[in-house]
Amino acid sequence: MNDRLRTVLGQRGVSPDLLAEICEVDPKTVSRWLGGRIPHARHRFRVARHLRVEETFLWPEPSNRLSRPQVGLDTELVGTHQNRASVPRDVWLTLLREAREEIGVLVFSGTFFAQSNPHVAKMLSERAADGVRVRLCFGDPDGRAVALRGREEGIGDTLAAKIRASLTYYRPLLGEAGCAVRLHDTTLYTSMFRYDDDLLVNPHIWGQPASANPLFHLKRTDGTGWFDNYAQSFDAVWAASRPWTPDQERTAGHGQD
């Protein structure tokens with residue numbers, strides 16, 4: 001079975017019949033591809049181009065010119081998006097629903113993550129109840145990194161306000177087994193959204209909001225590559241972050257008035 005091809009078809013919303021039409025082949029031929037048969041070179045090219053993935057991701061050994069798959073771009077990059085805002089909502093929902101082991105989010109505010117899915121807290125709670133580890137890490141609204149990022153984007157204190165607003169969506173997760181919400185005060189070069197072995201990487205361009213920056217979809221493969229490097233940086237930021245304790249922070253805020 002070619003699980004990679006089947007997964008990408010589902011994520012892109014392309015049916016086997018439509019793929020057959022695009023490649024000008026019989027639907028039975030596509031069924032054989034899904035069953036593990038390697039297409040002719042011209043068909044591999046058309047499939048990869050239409051699905052916006054690397055050909056070597058769908059078929060790691062399409063020819064004898066490579067003795068083994070290479071780590072990095074050739075095998076881990078599933079697809080790219082011009083900006084985060086252009087990622088279809090169904091992609092986010094599908095990855096969240098299908099996660100079986102881990103969901104991790106590393107952002108400054110991540111406002112879109114909840115606003116585009118008003119049931120996100122409920123869905124995360126359900127995934128945690130099924131044994132999925134849920135880790136959400138937001139920027140510390142009182143931290144230096146958020147203040148600097150706000151100045152760089154030209155929005156001042158607005159970023160801190162956006163973080164506080166975003167956090168309210170996740171208050172129901174506090175105390176839930178398997179769920180943790182933390183705040184970081186680190187220079188964030190990229191936002192990350194991990195769903196098991198799928199990782200959406202949203203690098204930050206100076207002075208631009210994350211939604212306007214490109215997004216890369218990585219799929220973990222054997223060996224240490226891009227995915228593992230980003231995952232390790234996620235863990236490093238997580239380890240240095242602190243638990244979000246809204247009640248204590250509100251009490252401390254009243255004491256300063």
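**Exercise 1. Placing Thr-29**

In which helix is the place of Thr-29? Work on the predicted model, then decide whether Thr-29 is buried or exposed.

*Solution.*
- Step 1. Locate the residue. Thr-29 lies in helix H3, residues 27–34.
- Step 2. Apply the cut-off. Buried means under 20% relative accessible area. Thr-29 has a relative accessible area of 18%, so Thr-29 is buried.
- Step 3. Look along the chain. Pro-39 is 10 residues from Thr-29 in sequence, and their C-alpha atoms are separated by 8.6 Å.

**Exercise 2. The chain as a whole**

Find how many helices and strands the protein chain has. Then state what share of its residues is buried.

*Solution.*
- Step 1. Take the secondary structure. There are 13 helices and 8 strands.
- Step 2. Turn to burial. The chain has 257 residues, and 46% of them are buried.
- Step 3. Check the range of the contacts. Take contacts between residues at least 6 apart in sequence; 69% of these join residues at least 24 apart.

**Exercise 3. The order of the sheet**

Give the strand order of the 8-stranded sheet. Which strands stand at the edges?

*Solution.*
- Step 1. Write the order. The sheet is open and runs E1-E7-E6-E5-E2-E3-E4-E8, with mixed pairing.
- Step 2. Read off the edges. E1 and strand E8 (242–243) each have a single partner strand, so one side of each lacks a neighbour in the sheet.
- Step 3. Add the packing helix. H1 packs on the sheet and touches E1, E6 and E7. The direction of H1 makes about 15° with that of E1.

**Exercise 4. Around strand E7**

Describe how E1 is joined to E7. Do the same for E6 and E7.

*Solution.*
- Step 1. Start with E1. This strand covers residues 77–81, and 4 of its 5 residues are buried.
- Step 2. Pair E1 with E7. Strand E7 covers residues 215–219, runs antiparallel to E1 and is joined to E1 by 4 bridges.
- Step 3. Match the residues. Leu-77 has Leu-218 as its bridge partner in E7. Thr-80 is opposite Phe-216. His-81 is opposite Leu-215.
- Step 4. Go to E6. Strand E6 (residues 198–203) is also antiparallel to E7, again with 4 bridges. Here Leu-199 faces Leu-218 of E7.

**Exercise 5. Gln-11 in H1**

Is Gln-11 buried or exposed? Which residues is Gln-11 in contact with, leaving aside its neighbours within four places in sequence?

*Solution.*
- Step 1. Place the residue. Gln-11 is in helix H1, residues 3–12.
- Step 2. Judge its burial. Its relative accessibility is 10%, so Gln-11 counts as buried.
- Step 3. List the contacts. Beyond those neighbours, Gln-11 touches Val-78, Val-91, Leu-95, Asp-198 and His-217.
- Step 4. Map them onto strands. Val-78 falls in E1 (residues 77–81), Asp-198 in E6 (residues 198–203) and His-217 in E7 (residues 215–219). H1 as a whole touches these strands too.

**Exercise 6. The crossing of H2 and H4**

Classify the crossing of helices H2 and H4 by angle and by hand.

*Solution.*
- Step 1. Take the geometry. The axes of H2 (residues 16–23) and H4 (residues 41–51) come within 10 Å and cross at roughly 120°.
- Step 2. Classify the angle. The two helices are therefore oblique to each other.
- Step 3. Assign the hand. The crossing is right-handed.
- Step 4. Name the contact residues. H2 supplies Leu-19, Ile-22 and Cys-23, while H4 supplies His-43, Arg-46, Val-47 and His-50.
- Step 5. Sort them by class. The contact has 4 nonpolar, 2 polar and 1 charged residues.

Notes:
Residues are numbered from 1 along each chain as its sequence is written. This is a predicted model: local features need pLDDT of at least 70, side-chain atom pairs count only at pLDDT 80 or more; totals for chains, interfaces and linings use all residues. Side-chain values use heavy atoms; hydrogens and water are left out. Buried means under 20% relative accessible area, exposed over 50%, partly exposed in between (1.4 Å probe, protein chains only). Two strands pair if DSSP finds at least two bridges between them. Axes are lines fitted to C-alpha atoms, for helices over the stretch in contact, and angles run from 0 to 180 degrees between N-to-C directions. Angles under 35 degrees count as roughly parallel, over 145 as roughly antiparallel, 65 to 115 as roughly perpendicular and the rest as oblique. A crossing is left-handed if the near helix is turned anticlockwise from the far one by less than a right angle, and right-handed if clockwise. Contact means heavy atoms within 4.5 Å. Ala, Val, Leu, Ile, Met, Phe, Trp, Tyr, Cys and Pro count as nonpolar, Asp, Glu, Lys and Arg as charged, and the others, Gly among them, as polar.
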